[in-house]
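Biologist: I am new to reading protein models, and I would love a slow, close look at one part of this one. Could you pick a single residue, walk me through its surroundings, and then step back to the rest?

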2 protein chains.
Amino acid sequence: MKKIVFLFYEGMTALDAIGPHQVLVNIPDAEVKLVASKVGLVTTDTTHLKFLAEHSFEEVLEADILVIPGARSATTLKDQPGVLEWIRSIDQTTTWTTSVCTGSLILGAAGLLQDLPATSHWSVMNDLKKWGAIPTERRVVEAGKIITAAGVSAGIDMALILTAKIAGDHVAKRIQLGIEYDPQPPFDCGSVAKAPPQIVKALLADFGKNDES
Amino acid sequence: MKKIVFLFYEGMTALDAIGPHQVLVNIPDAEVKLVASKVGLVTTDTTHLKFLAEHSFEEVLEADILVIPGARSATTLKDQPGVLEWIRSIDQTTTWTTSVCTGSLILGAAGLLQDLPATSHWSVMNDLKKWGAIPTERRVVEAGKIITAAGVSAGIDMALILTAKIAGDHVAKRIQLGIEYDPQPPFDCGSVAKAPPQIVKALLADFGKNDES
């Protein structure tokens with residue numbers, strides 16, 4: 001049995017969690033738990049979309065795999081009592097501790113990225129330095145048992161890579177075909193390196209940032 | 001204001017909905033409603049993952065965009081009282097009626113795909129014929145105002161294409177960069193054409209099918 005635990009929290013970006021979830025839940029013997037500070041509905045990054053957290057921190061004390069999704073203001077989570085302690089405590093029991101998007105800033109705040117290469121959403125990449133991590137512009141970054149993924153949709157790629165590690169290539173390929181993951185984005189602008197500068201600038205302004213620093 | 005309505009129902013595949021949702025919700029002036037036969041929690045394809053449907057069929061009578069996600073047993077939905085009537089009625093009001101994965105079989109059952117090219121999850125592609133549709137092996141298929149997407153993850157591509165249509169390329173590119181959709185699957189086996197035959201066969205057996213017919 002592979003115990004896979006997702007952290008749910010107010011404001012979380014829905015796809016950060018549901019992308020990897022759709023992959024990892026299909027690993028044979030996966031037992032998935034959705035955990036928040038307390039049992040109940042969690043409002044995602046859009047107020048109309050709510051997920052149910054069926055378990056509280058007190059109920060879940062260990063995991064083989066921990067997945068921390070991101071949020072627009074992920075680091076505000078660090079001020080929530082108990083969350084960083086819970087993450088550190090679960091991490092002590094994991095084989096893999098992972099994050100998607102700005103979830104890596106939560107791992108950083110929990111002290112788990114010190115001196116490690118890590119990635120995050122491109123718009124906050126440099127914020128990783130605050131937590132002693134080494135910003136690394138790759139879609140998926142492995143550092144020992146810590147795996148961080150880039151923004152939002154990168155969680156799907158991360159989960160397939162992780163699946164191959166824990167259950168083999170055959171299982172990962174099966175899941176990839178099961179979710180028909182043969183991506184064909186209509187534009188080639190899904191990363192800062194590829195997007196036109198004015199798109200990058202407009203989006204940073206949306207995020208309340210004036211430049212990429 | 002763009003009224004975007006997602007159908008939620010028991011057994012729905014989570015990523016079928018959340019993929020396009022993460023894209024479409026970022027369209028300026030999008031007003032998204034998550035609708036089920038009745039207000040309340042909807043259990044997705046994995047029993048531990050539950051979404052809240054905030055509106056019932058009675059409360060939502062029109063939409064600019066309708067999105068129908070798929071499910072392992074999507075066509076059982078057609079036996080649920082009122083659902084096909086509701087879909088037909090909403091479709092009368094839409095600019096775009098869309099589906100992801102086996103959601104196209106629901107559109108078919110509602111009589112909306114007669115003589116139209118459409119796609120679906122690869123494993124049920126031929127089932128489209130039952131509803132008079134023309135199975136079309138493309139990731140996203142447009143037929144007038146109906147847009148169908150292939151399996152699960154194809155909803156993200158479909159939503160970006162749709163975004164470009166209704167809000168322009170600039171907005172679609174911005175959203176693509178926002179969700180950092182620069183996919184890098186670890187394997188090249190996300191479609192039947194690309195996957196090794198033994199993987200296709202194993203998965204069809206999982207789905208309770210002996211061949212692709």
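**A close look at B:Thr119**

Modeller: Happy to! A polar atom in the side chain of B:Thr119 sits 3.3 Å from the backbone oxygen of B:Thr136. The B:Thr119 side chain also has a polar atom 3.1 Å from the backbone oxygen of B:Arg138. Please keep in mind as we go that this is a predicted model.

Where along chain B are we? B:Thr119 belongs to the loop that runs between β8 (117–118) and β9 (134–135). Is B:Thr119 buried or exposed? Its relative accessibility is 0%, and residues under 20% are called buried, so B:Thr119 counts as buried. Leaving out residues up to four places away in sequence, B:Thr119 touches a list of residues that includes B:Ser104, B:Met125, B:Leu128, B:Val141, B:Thr148, B:Ala149 and B:Ala150. B:Thr136 and B:Arg138, whose backbone oxygens we have just met, are on that list of contacts too.

Let us move on to strand β10 (residues 140–143) of chain B, where we find B:Glu142. B:Glu142 has a relative accessible area of 36%, so this residue is partly exposed. Its side chain makes a polar contact of 2.7 Å with the side chain of B:Lys165. Apart from neighbours within four places in sequence, B:Glu142 is in contact with B:Ile147, B:Ile161 and B:Lys165. Try finding B:Leu113 as well: B:Glu142 and B:Leu113 are 29 residues apart in sequence, and their C-alpha atoms are 11 Å apart in space.

Now for the nonpolar side of the picture. In soluble globular proteins, nonpolar side chains tend to be buried together. Here the largest nonpolar core has 139 residues, and those with the most contacts inside it are A:Phe8, A:Trp86, A:Ile87, B:Phe8, B:Trp86 and B:Ile87. Helix α4 (residues 154–167) of chain B gives the largest share of this core, seven residues. If you zoom in on B:Ile87 and set aside neighbours within four places in sequence, you will see contacts with B:Leu7, B:Leu66, B:Ile68, B:Ile106, B:Leu107, B:Ala110 and B:Leu112.

Helix α6 (residues 197–206) of chain B is worth a stop as well, with B:Ile199, B:Val200, B:Ala202, B:Leu203 and B:Leu204 buried. What covers these buried residues includes α5 (169–178) of chain A. After α6(B) comes B:Gly208, which has a positive phi near 75 degrees.

How do the two chains relate to each other? A turn of 180 degrees, with a shift of 0.0 Å along the axis, lays chain B on chain A with an RMSD of 0.0 Å. The two copies are therefore related as by a two-fold rotation axis. In chain B, B:Phe51 has the C-alpha nearest the axis, 2.4 Å from it. Of the interface residues of chain B, 100% are also interface residues in chain A, so the copies meet through the same surface.

Finally, step over to chain A, which is divided into domain 1 (2–182) and domain 2 (184–213). Their contact takes eight residues from domain 1 of chain A and 10 residues from domain 2 of chain A. About 770 Å² is buried between these two domains, and carbon and sulfur atoms give 57% of that area. On the domain 1 side, A:Trp122, A:Ser123 and A:Asp182 supply 64% of the area buried against domain 2 of chain A, more than any other three residues.

Methods. Residues numbered from 1 in each chain as written. Chains lettered and ligands numbered in written order. Predicted model: local features only at pLDDT ≥ 70, side-chain atom pairs only at ≥ 80, totals over all residues. Heavy atoms only, no water. Core = buried A, V, L, I, M, F, W, Y, C linked by side-chain atoms within 4.5 Å. Buried < 20%, exposed > 50% of the residue type's maximum accessible area, 1.4 Å probe, protein only. Helix = DSSP H or I, 4+ residues; strand = E, 2+ residues; numbered from the N terminus. Contact = heavy atoms within 4.5 Å. Least-squares fit on C-alpha atoms with pLDDT ≥ 70 in both. Polar contact = N/O pair within 3.5 Å; in protein donor to acceptor, adjacent residues only side chain to side chain. Domains from an automatic or database assignment. Buried area = accessible area lost by both parts, 1.4 Å probe.
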